[in-house]
Amino acid sequence: MQFDNLTAFFHMGGYAFYVWLSFGVSVLALVLLAVDAMRQQKVLFNAVEKEQARKVRIKAAQTETKQNRLDKQNMSQNEEVTHEP
Amino acid sequence: MWKWLHPYAKTQNAYELCRRLQPWFVITALITFVVGMVWGLAFAPADYQQGDSFRIIYIHVPSAILSMGAYSAMAIAAFIGLVWQVRTAFMAMIALAPIGAVVTFIALFTGAAWGKPMWGTWWVWDARLTSELILLFLYLGVISLYASFEDKHQAGKAAGVMAIVGVVNLPIIHFSVEWWNTLHQGASITKFDKPSVAPEMLWPLLISILGLALVMAAIFIRRLQNEILRRELNRPWVQTLVSTAREK
Amino acid sequence: MRDSLNAIFRRDLALAYRQRSELMQPMMFFILVISLFPLGIGPNPEILQKVGPGVIWVAAILSSLLGMERLFKDDFNDGSLEQIMLSATPLPMVVLVKVFAHWLTSIVPLLILSPLLALFLNLTEDMYWALLCTLLLGTPLLSLVGAIAVGLTLGLNRGGVLLALLLLPVFIPLLIFATAAVEAASLQLPYNAQLAIIGAMLLISLAMAPFAIAYALRVSQN
């Protein structure tokens, strides 16, 4: 350690403001960059999940309508059958 | 010779590689960066002329060197993308651009904060500060060009061309500014040009350079993964990837 | 090939002639910007002489940026650019011809105006000749490099400001060497070295820019 004690270390030989300002801003900028990258990851994962859920819902709706149509067809066929005799 | 690289042109493989490398990069980056900073701030000897303000060098010089390095890396990625039509290279390029811009900003800011106690003013049109400023403009140009396109594939190509134009210009800019500076200013700044640096100052400096490079690499790996995800949001492998990641 | 290049050249000149008023605007801008400086700095002839070369060059760069978009925009909008790209004539050659036509029609008038501006800013005769030499060598460089960025931003609706953002940093070396040449002339020093460097930059861009412009156009045309 080049400094006698912690106070001297924080004092930086009278240049405390400039030294700590530049180191503080630099570290802050890097941390913000890293946090932004991680936040984006979360946003993207959520977007993928949303898309997946949407697809599942679309598929469910599609099969439902298909089923309904089939049911209707069956019903009408049945009706025809019942009308025959 | 380069054949082992080819699989990584496929986004899925690149993503897998990044994901596996990421923890290693994060750990080594944190360790090296902290060691470099603590050594520089607390254990390296003070400069006999500049006292403790000299310690700004341990963030200023790494960021200045790596801002240029990041730009070259970006241009190389753009070149690979343009010549061999590798989409992943464009993604790497645009993942790197904001990191480079931030590091350039750090170099400028610390340069100013160092200049104030040494030269008595926050900003001088010193050759190196000026070329850093222009470098920042070049980064911002590439980023804003990329952002203006709706179609991101086209955006990657356009920003790639601009990055290469910038890198062709960078040495010209650098030398022209240096020459312009010597023309307009006397040798007022030569006290920085020391013939050699003492080894007890050089080692922490080298470690801080390595540390910042690793920090940038770690962030870059994360950003590249994000970029790949963003562009391939609807591909099946992304969907399975996300659902397996959530299950864990 | 020569015929088609010739035709394109004459077509561009004819189009420019028909849009005279549009071509006048950057020139007016050029004069206006330069006459703003004495008003802002004060009429002291010595100060004007000192800042003159820089002012003229900055104004020239800005006004060339104003007219730059015209280079491909109309052709892009009405589809004739696509026709040209589909034709058998190599695109880099076509682009070179178009840039040359653009330089002739929108930059050469600025050069013709330059004696007037030299008078405004109190330049000496030596300085004026140096200025003219740098403008002659430097403005084609502006057009060539500028055309790359114009090609890239073609498809964008609001490319104007972006164009300036992309190009101004790239033009800095030119500005430095050109104003240094004029400054050297004002001190009665030789300025061949600066001219040689500008010439070298011009030749490099002449060799490489057409291909970059052609590629940029293909990117924009998708």
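**Figure 1. Burial and overall form of chain C in the predicted model.** In this predicted model, buried residues account for 54% of the 222 residues of chain C. The chain contains 10 helices and 0 strands, and its elements follow one another along the sequence as α-α-α-α-α-α-α-α-α-α. A compact globule of 222 residues would have a radius of gyration near 17 Å, and the 18 Å of chain C agrees with this. Along the principal axes, the C-alpha trace of chain C spans about 55 × 35 × 30 Å.

**Figure 2. Contacts, surface and charge in chain C.** When contacts between residues at least 6 apart in sequence are considered, 83% of those in chain C join residues at least 24 apart. Chain C exposes about 10200 Å², and carbon and sulfur atoms supply 68% of this area. The chain carries 11 positive and 12 negative charges, and the mean positions of the two sets are 8 Å apart.

**Figure 3. Close-up of C:N122, a residue with positive phi.** C:N122 lies in the loop that links helix 6 (91-120) to helix 7 (125-153) of chain C. Its phi is near 60°, a positive value in a residue other than glycine. Most residues other than glycine have a negative phi. With a relative accessible area of 33%, C:N122 is partly exposed, because a value that is neither under 20% nor over 50% falls in this class.

**Figure 4. Chain A and the contacts among the chains.** Chain A has 2 helices and 0 strands. A compact globule of 85 residues would have a radius of gyration near 12 Å, whereas chain A has 34 Å. The C-alpha atoms of chain A fill a box of roughly 110 × 20 × 15 Å along the principal axes. Of the 85 residues of this chain, 21% count as buried. The accessible surface of chain A comes to about 6400 Å², with 60% belonging to carbon and sulfur atoms. Its 10 positive and 9 negative charges have mean positions 5 Å apart. There are 2 pairs of chains in contact, and chains A and B share the most contacts. Chains A and C do not touch, and their nearest C-alpha atoms are 24 Å apart.

**Figure 5. Close-up of B:S208, a buried serine in helix 6 of chain B.** B:S208 is placed in helix 6, which covers residues 199-231 of chain B. The residue counts as buried because its relative accessibility is 0%, and the class takes in values under 20%. A polar atom of the B:S208 side chain lies 2.5 Å from the backbone oxygen of B:P204. Leaving aside residues up to four places away in sequence, B:S208 touches B:G36, B:M37, B:Y58 and B:P62.

**Figure 6. Close-up of B:E232, a buried glutamate in a loop of chain B.** B:E232 is found between helix 6 and helix 7 (236-247) of chain B, in the loop. At 2% relative accessibility, this glutamate counts as buried. Its side chain makes a polar contact of 2.6 Å with the side chain of B:T11. A second side-chain polar contact, of 3.4 Å, joins B:E232 and B:W237. With residues up to four places away in sequence not counted, B:E232 touches B:T11, B:R87, B:W237 and B:V238. B:T11 and B:W237 thus appear both among the residues touched and as side-chain polar partners of B:E232.

**Figure 7. Close-up of B:L140 and B:P98.** B:L140 is found in helix 4 (residues 127-148) of chain B. Its relative accessibility is 39%, and B:L140 therefore counts as partly exposed. B:L140 and B:P98 are 42 residues apart in sequence, while their C-alpha atoms are 8.3 Å apart in space.

**Figure 8. Close-up of B:Q85, an exposed loop residue with positive phi.** B:Q85 occupies the loop between helix 2 (57-84) and helix 3 (87-119) of chain B. Although not a glycine, B:Q85 has a positive phi of about 55°. The relative accessibility of B:Q85 is 52%, so the residue counts as exposed, a class that requires a value over 50%.

Notes. Residues are numbered from 1 along each chain as its sequence is written. Chains are lettered from A and ligands numbered from 1 in the order in which they are written. This is a predicted model: local features need pLDDT of at least 70, side-chain atom pairs count only at pLDDT 80 or more; totals for chains, interfaces and linings use all residues. Side-chain values use heavy atoms; hydrogens and water are left out. Helices (H or I, at least four residues) and strands (E, at least two) are DSSP runs, numbered from the N terminus. The radius of gyration is taken over C-alpha atoms; the globule rule is 2.2 Å times the number of residues to the power 0.38. Buried means under 20% relative accessible area, exposed over 50%, partly exposed in between (1.4 Å probe, protein chains only). Contact means heavy atoms within 4.5 Å. Accessible areas come from the Shrake-Rupley method with a 1.4 Å probe; for residues, only the protein chains shown count as cover. Lys and Arg count as positive and Asp and Glu as negative; His and the chain ends are not counted. The place of a charge is taken as NZ of Lys, CZ of Arg, CG of Asp or CD of Glu. A polar contact is a pair of N or O atoms within 3.5 Å; within protein, one must be able to donate a hydrogen and the other to accept it, and residues adjacent in sequence count only if both atoms are side-chain atoms.
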